[in-house]
Every structure is written in C-alpha cells, then in structure tokens.
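Reader: I've never looked at this one before. Could you walk me through it, and tell me what earns each label you use?

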Amino acid sequence: MSLPRIRLERCETTSDGLWLIDREQERHLTKVLRAYEGAMVEGLSFEAEEGEKLLLRLERTTGGLALREVERMREKPETVRIHLLIGLLKADQFDAVLRSAAELGLFVVWPVVCAHSIPRFSDVEMPKKLQRWQRILDEGSKVSGSVRPPMIHPPISFCKLDWRSLPQARYAALLTPRTSPLSDMAGVPGELVFAVGPEGDWSPEEVRQLQENGFMPVSLGRRVLRASTAAIVGCGWFRLMAG
C-alpha cells in the first residue's frame with residue numbers, strides 16, 4: 001500500500017527542520033486520506049534538479065500539523081521528456097487527458113485551438129481554467145508519485161504556434177494513408193513532441209502545416225480512437241518504450 005503524498009514546495013520549513021503543512025493539504029491528509037499523528041507520509045519536491053522524495057513523519061505542533069524528515073531519496077532522472085501537443089477537447093475528455101498526462105509523467109502539455117475544436121474560452125474564463133487544469137495535473141502526479149507535475153501552457157490558436165519552441169523529434173497521429181505504425185519505431189529520443197488533433201481530427205491545412213514543420217505521420221493501429229484515447233495510448237507507448 002502506497003503512503004499518502006504531499007507537495008513540499010507548498011509547505012514552509014522551520015528552524016528545527018519541520019515542514020509546516022498548508023491548510024488545503026492538511027485537510028486532504030486528515031479528512032480524505034485519514035492520516036493520523038505518527039503516520040508516515042511521502043513528500044514530493046522538484047526544487048532539486050531532478051527532484052527528490054522524502055520520507056516524513058506526521059507530528060502535531062502548537063500551530064497545527066507538521067512533518068519531520070526521516071529519510072531523503074534522490075529521484076532517478078527521467079529517460080524521456082514527452083511534450084503533448086493536443087487540440088483542445090471538451091471538458092470531460094480534456095480532463096481525462098490531463099489526469100493521464102500527470103500519471104505518465106509528461107513534461108509539458110500544449111493545448112491548441114484548432115479548426116475543429118469545439119471549446120472556445122474567453123480571456124476572462126482562461127485564468128480559472130488554467131488554475132483548474134494545473135490542479136488536475138498536480139493531483140494526478142501525486143497519485144502516481146511523480147515529483148514534478150507537467151507544465152501546461154495557455155491554449156493558443158494553431159496558426160499562432162511557435163514551432164521553434166517544440167522539440168526536434170516530432171510525431172503526429174494522423175488519419176491519412178501514408179503513416180508509419182508507432183510500434184515500428186526502433187527507439188525513443190530523449191525529448192519529443194506527440195501531436196493529437198481534437199474531436200473531428202486535424203483540418204487538411206493543419207495536417208499540411210504539421211508535416212511541413214517536421215512532424216512524422218504515425219498511426220496507433222487499425223482502430224480509430226477518440227482523441228483523448230489516442231493521446232493516452234501514444235504517450236503511454238513512448239513512456240513504456242523509454243523505460
């Protein structure tokens with residue numbers, strides 16, 4: 001059974017080496033996870049270069065609950081940094097992608113508003129949406145024990161993408177005749193971007209731009225998958241092959 005997990009970058013440290021828990025995480029530990037005084041907790045921190053995990057013991061102080069360090073464990077470096085470029089999906093589908101992105105340890109999520117994207121958010125709505133998405137990524141990474149939650153960029157129009165900001169190893173799931181099965185790849189590069197279109201797939205113009213900007217057309221098998229399923233399957237394959 002895994003230990004309860006907590007994000008240490010949201011805690012404060014005291015002079016005697018205790019980690020003071022913020023109210024939100026304290027409530028989650030005690031009310032949801034049923035952690036008790038003396039229980040062991042796994043602390044996740046990405047302040048070190050590769051991140052680290054700490055084994056901590058829950059203590060009660062005059063100011064509330066705190067954690068005392070028992071052991072510090074350096075996290076192994078990631079074997080691959082996966083960027084996900086994905087056409088903006090409906091809320092339930094996009095939330096599912098974000099949860100899986102966190103559990104798979106993705107590096108960055110790049111939402112793009114495509115020709116066939118249904119959701120359209122105003123500038124007023126966007127800060128709350130981003131805050132909610134980051135919370136989903138944070139919780140998903142805690143569940144999986146990932147020290148670093150994926151970053152997520154604000155959605156941007158496909159036509160305004162800065163292609164130079166993406167890794168050089170580029171793959172796009174396309175429903176076109178000339179694609180290579182993803183399973184035929186001999187190896188996985190150290191950093192890559194995998195692109196998946198929205199519901200309704202990429203438009204012909206978007207397919208053209210992807211290919212002109214170095215994206216290799218790949219297929220995920222004989223089945224036509226939902227966009228959210230394709231994103232999870234593709235990223236999961238890259239993670240599995242990278243080890």
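Reader: Let's start small: where is I21 found?

Author: I21 sits in the loop between strand 3 (18–20) and helix 1 (23–32). Helices (H or I, at least four residues) and strands (E, at least two) are DSSP runs, numbered from the N terminus. Before we go on: this is a predicted model, where local features need pLDDT of at least 70, side-chain atom pairs count only at pLDDT 80 or more, and totals for chains, interfaces and linings use all residues. Residues are numbered from 1 along each chain as its sequence is written, and side-chain values use heavy atoms, with hydrogens and water left out.

Reader: Is I21 buried or exposed, and what makes it so?

Author: Buried means under 20% relative accessible area, exposed over 50%, and partly exposed in between (1.4 Å probe, protein chains only). I21 has a relative accessible area of 9%, so buried is the right word.

Reader: Which residues is I21 in contact with, leaving aside its neighbours within four places in sequence?

Author: Contact means heavy atoms within 4.5 Å. By that rule, I21 is in contact with I6, C11, E26, L29, L58, L65, A66 and L67, once neighbours within four places are left aside. F94 is another matter: the C-alpha atoms of I21 and F94 are separated by 30 Å, and the two are 73 residues apart along the chain.

Reader: E26 was in that list. What makes its pairing with R23 a salt bridge?

Author: A salt bridge is a side-chain nitrogen of Lys or Arg within 4 Å of a carboxyl oxygen of Asp or Glu. The closest N and O atoms of E26 and R23 are 3.7 Å apart, and that fits. These two are three residues apart in helix 1, so about one helical turn separates them. E26 counts as buried because its relative accessible area is 14%, while R23 counts as exposed because its value is 62%.

Reader: How many salt bridges does a search of the whole structure find?

Author: The search finds 15. One of them joins D95 and R132, with closest N and O atoms 2.7 Å apart. D95 lies in helix 2 and R132 in helix 3, so this pair ties together parts that are 37 residues apart in sequence.

Reader: Why is R132 called partly exposed?

Author: Its relative accessibility is 34%, so R132 falls in the in-between range. D95, at 6%, is therefore buried.

Reader: What separates R208 and E205 along their helix?

Author: They're three residues apart in helix 4 (residues 204–212), so the separation is about one helical turn. Their side chains meet in a salt bridge at 2.3 Å, N to O. R208 is partly exposed because its relative accessibility is 36%, and E205 is partly exposed because its relative accessible area is 38%. Elsewhere, salt bridges that share partners join R7, E9, R10, D22, E24 and D138 into one network.

Reader: Why is D138 called buried?

Author: Its relative accessible area is 12%, so D138 passes the test. D138 belongs to helix 3.

Reader: Now for the core. Which residues touch the most other members of the largest nonpolar core?

Author: Those are L84, F194 and F238, in a core of 34 residues. A nonpolar core is a set of buried Ala, Val, Leu, Ile, Met, Phe, Trp, Tyr and Cys residues joined through side-chain atoms within 4.5 Å. Helix 5 (227–242) is among the elements that each supply at least two residues, and its six residues are the largest share. F238 touches I82, Y171, L182, M185, V188, L192 and F194, not counting residues up to four places away in sequence. Apart from this core lies another, of 18 residues, including L85 and F215.

Reader: How many aromatic pairs does the structure hold?

Author: Seven. Rings of Phe, Tyr and Trp (its six-membered ring) pair if their centres lie within 6.5 Å; planes under 30 degrees apart count as stacked, over 60 as edge-to-face and the rest as tilted. F158 and W163 form an edge-to-face pair, at 5.6 Å centre to centre and 75 degrees between the planes. Both of those residues, F158 and W163, are buried.

Reader: And what makes the pair of W237 and F238 edge-to-face?

Author: Their ring centres are 5.5 Å apart and their planes are at 80 degrees, so edge-to-face it is. W237 and F238 are buried too.
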